[in-house]
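Reader: Please take me through one part of this model in detail. I would like the nonpolar interior and the helix that packs into it, then whatever surrounds them.

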Amino acid sequence: MTLGNNIIQKSQFKIGAKTFQLNCIESINFDNLLQELGIDISIARDKIGFIDHYEQKIYVRSDVSEQLQRETLIHEILHALLEDSGISSLNGQKLINIEEIIVSILSPRISAFIQENDLIT
């Protein structure tokens with residue numbers, strides 16, 4: 001399974017000092033993955049992507065539109081960039097709610113910017 005043709009050319013990419021593996025998986029496998037990681041899928045029903053910072057993997061569902069895949073990938077990359085920069089923690093305390101709000105606001109806008117300016121071949 002792969003992401004839509006124009007979303008990303010590589011299955012691995014670097015963010016800071018880490019190399020992340022991109023994995024595109026079907027919905028049922030995505031739910032199983034969340035369960036294996038101990039994430040309550042009743043509160044994660046609308047999840048389309050997930051980043052595992054420790055395993056350095058980004059997961060995106062394959063059963064959604066290319067636009068939603070692109071936005072989700074950007075969303076997860078923003079999480080990785082914030083984690084790498086240290087901004088996602090303040091005085092050693094994780095700022096999950098603030099980070100999620102910022103990433104959720106920026107990811108569709110960055111996706112639209114990339115698409116509207118033909119920055120994807």
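Author: **The core and its surroundings**

Nine residues form the largest nonpolar core: Phe13, Ile15, Phe20, Leu22, Ile51, Ile58, Val60, Leu73 and Ala80. Four elements give two or more residues to this core: β1 (12–15), β2 (18–25), β4 (57–61) and α2. Another core lies apart from it. That one has seven residues, including Phe30, Ile41, Phe50 and Tyr59. Keep in mind that this is a predicted model.

Some context for the whole chain. The protein has three helices and six strands. From the N terminus, the order is β-β-α-β-β-α-β-β-α. The protein has 121 residues, and 36% of them count as buried. Take the contacts with a separation of 6 or more: 57% of them come from residues 24 or more positions apart. The exposed surface is about 7,700 Å². Carbon and sulfur atoms supply 52% of that surface.

Now the helix. α2 has 20 residues. From first C-alpha to last, α2 reaches 28 Å, close to the 28 Å expected at 1.5 Å a residue. Its buried residues are Gln69, Arg70, Glu71, Thr72, Leu73, Ile74, His75, Glu76, Leu78, His79, Ala80 and Leu82. Leu73 and Ala80 belong to the largest nonpolar core. Polar and charged names such as Gln69, Arg70 and Glu71 are on the buried list too.

Look at Thr72 in particular. Threonine 72 sits in α2, which covers residues 66–85. Its relative accessible area is 9%. The cut-off for buried is under 20%, so threonine 72 is buried. Setting aside neighbours within four places in sequence, threonine 72 contacts Ile48, Gly49 and Val60. Val60 is itself one of the nine core residues. After α2 comes glycine 86, with a positive phi near 90 degrees.

Next, the strands beside the core. Glutamine 56 lies in the loop between β3 (49–52) and β4. Its phi is positive, about 60 degrees, although glutamine 56 is not a glycine. Most residues other than glycine have a negative phi. With a relative accessible area of 25%, glutamine 56 is partly exposed.

One salt bridge is counted. It joins the side chains of arginine 61 and aspartate 63, at 2.9 Å from N to O. The two partners differ in cover. Arginine 61 is buried, at 14% relative accessible area. Aspartate 63 is partly exposed, at 43%.

Last, the part of the chain beyond α2. Serine 89 lies in strand β5, residues 89–90. Serine 89 is partly exposed, because its relative accessibility is 30%. Its C-alpha is 9.2 Å from that of glutamate 99, ten residues apart along the chain. Helix α3 spans residues 96–116 and holds isoleucine 105. Isoleucine 105 is partly exposed, at 43% relative accessibility. Isoleucine 105 also helps to make a nonpolar surface patch of about 440 Å². The other members of that patch are Ile98, Ile101, Ile102 and Leu106.

Methods:
Residues numbered from 1 in each chain as written. Predicted model: local features only at pLDDT ≥ 70, side-chain atom pairs only at ≥ 80, totals over all residues. Heavy atoms only, no water. Buried < 20%, exposed > 50% of the residue type's maximum accessible area, 1.4 Å probe, protein only. Contact = heavy atoms within 4.5 Å. Patch = residues over 30% accessible without salt bridge, like charges linked within 9 Å, V, L, I, M, F, W, Y side chains within 5 Å. Areas by Shrake-Rupley, 256 points an atom, 1.4 Å probe, with all protein chains shown as cover. Salt bridge = Lys/Arg side-chain N within 4 Å of Asp/Glu carboxyl O. Core = buried A, V, L, I, M, F, W, Y, C linked by side-chain atoms within 4.5 Å. Expected span 1.5 Å × (residues − 1).
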